[in-house]
Amino acid sequence: MVPLSLYIHLPWCIRTCPYCDFNSHEAREQVPEDRYVDALVADLESELPRVWGRRLESVFIGGGTPSLFSPEALHRLFSELRARLPWRPDMEVTLEANPGTTDAARFTGYREIGVNRLSIGAQSFDDAMLERLGRIHGADEARTAFETARLAGFENINLDLMFGLPGQSPDQALADLDAALALGPEHLSWYQLTLEPNTRFAADPPVLPDDDTLWEMQSAGQDRLASSGYTQYEVSAYARPGHACRHNLNYWEFGDYLGLGAGAHGKISLPGEDRIQRRRKLRQPRQYMEAALTASPVSGEQTLSREELVFEFILNATRLRHGVDTDLFTTRTGLPADALEPMRSEAVCRGLLGPDPGRIEPTELGRRFLNDLQAQFLAGHRGTP
């Protein structure tokens, strides 16, 4: 059976960052924890018929800023979840947390209710850069948040860190990386800042490093991470042995996941119906809560076509440094391997995919020009040369 994960979206934050394109909403008054938890439980109830008999492999709580929610509210939510879906005994439970929204008591409370992996949004350890990014915290607060989490008992911590920041030099990018490595996290999400549509940065773009500078940062940073014992297993994910994020691996390996909360997305393989369905929830928190508690919070759903299955599988699988077995394509999509043709053969000819028919694995060139590799299958999906 396809692995099943659960994503829970807590949409509020103190202030929306100018680069952020997630479904986040500034908390202008007290966050309605109780009502939102009630809505999440009702949302889950409506999803249960699609996943009866299946066990959760991981839970990821994202946002927004999930650490604005109290441990007491999440404890009630977890109790309701466990009463309705079986959890894997050693399940990975991740919570995103931002410096400036946490303290020792809060971290201890999260650990006691079953959160066993933290993802701390540091983004940079340069105060000037943090100010340009619109963050509410400074470098010292990021370090304090990490150290406080350690004291609370967290042994699996990810740090989110960006490079290619406005006006950033390669030396500054490496200094940020060194500051993160000095803390000794088990996992690093190290990714390039991009200007996304419908953000303040898109409307008023800052000056970012050019492509040559970005490549210099990325190459030097990857060498630094490798020499420090971190393996790159995905485009922007680096982990010490045994600490790859199981939840995100399920996404990249085209597993199933329920999405609960305002703006959450889900993907479920429907057994016996030979189809895969995506579903999304209403984005506005108040609208979501009202609909979840009275009717349905679903804003749309889509059954994936053959072409969409091919493209979406490739879009995820090629993000993994070493790709996946071709058999996984058939297992997760229900399609024969020849559904990948002729796009796969063309990608092999261009040196973007390895020649082994038993693997879907980007070459070094394919990893460097990943957008070109994925576009090869998008062109096939659209029926264009």
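Colleague: How many aromatic pairs does the count come to?

Modeller: The count comes to 13 aromatic pairs. Rings of Phe, Tyr and Trp (its six-membered ring) pair if their centres lie within 6.5 Å; planes under 30 degrees apart count as stacked, over 60 as edge-to-face and the rest as tilted. This is a predicted model, in which local features need pLDDT of at least 70, side-chain atom pairs count only at pLDDT 80 or more, and totals for chains, interfaces and linings use all residues. Residues are numbered from 1 along each chain as its sequence is written, and side-chain values use heavy atoms, with hydrogens and water left out.

Colleague: What is the geometry of Tyr36 and Tyr288?

Modeller: Their ring centres are 5.7 Å apart and their planes meet at 50 degrees, so the pair is tilted. Tyr36 belongs to helix H1 and Tyr288 to helix H10, so the pair ties together parts that are 252 residues apart in sequence. Helices (H or I, at least four residues) and strands (E, at least two) are DSSP runs, numbered from the N terminus.

Colleague: Are those two tyrosines buried or exposed?

Modeller: Tyr36 is buried, and so is Tyr288. Buried means under 20% relative accessible area, exposed over 50%, and partly exposed in between (1.4 Å probe, protein chains only). Trp12, Tyr36, Phe69 and Tyr288 form one aromatic cluster.

Colleague: Which residues of H10 are buried, and what covers them?

Modeller: In H10 (residues 285-294), the buried residues are Pro285, Tyr288, Met289, Ala291 and Ala292. Their cover includes helix H1 (33-47), strand E2 (12-13), strand E3 (25-26), strand E11 (256-261) and strand E13 (275-281). Contact here means heavy atoms within 4.5 Å.

Colleague: Turning to strand E7, how many of its residues are buried?

Modeller: Seven of the seven residues in E7 (residues 157-163) are buried. Both faces are covered, with Ile157, Leu159, Leu161 and Phe163 on one side and Asn158, Asp160 and Met162 on the other.

Colleague: Which residue stands opposite Leu161, and how many bridges join E7 to E8?

Modeller: Leu161 stands opposite Trp190 in E8, and six bridges join E7 to E8 (residues 187-192), the two strands running parallel. From E7 the chain crosses through helix H6 (residues 170-183) to E8, and this β-α-β crossover is right-handed. That term applies if, with the strands pointing away from the viewer, the path from the first strand over the helix to the second runs clockwise. E7 is also joined to strand E6 (residues 117-123) by five bridges, again in parallel, and Leu118 stands opposite Ile157. Two strands pair if DSSP finds at least two bridges between them.

Colleague: What about unusual backbone angles: what is phi of Gln123?

Modeller: Phi of Gln123 is near 70 degrees, a positive value in a residue other than glycine. Most residues other than glycine have a negative phi, and most peptide bonds are trans. Gln123 lies in strand E6 and is buried, with a relative accessible area of 5%. Asn198 has a positive phi of about 65 degrees, but at 80% relative accessibility it counts as exposed. Asn198 is in the loop between E8 and helix H7 (200-203).

Colleague: Where are the cis peptide bonds of Gly64 and Pro342?

Modeller: One joins Gly63 and Gly64, with omega about 25 degrees, and Gly64 is in the loop between strand E4 (56-63) and helix H2 (71-82). The bond from Glu341 to Pro342 is also cis, with omega near 0 degrees; Pro342 lies in the loop between helix H12 (326-333) and helix H13 (343-349).
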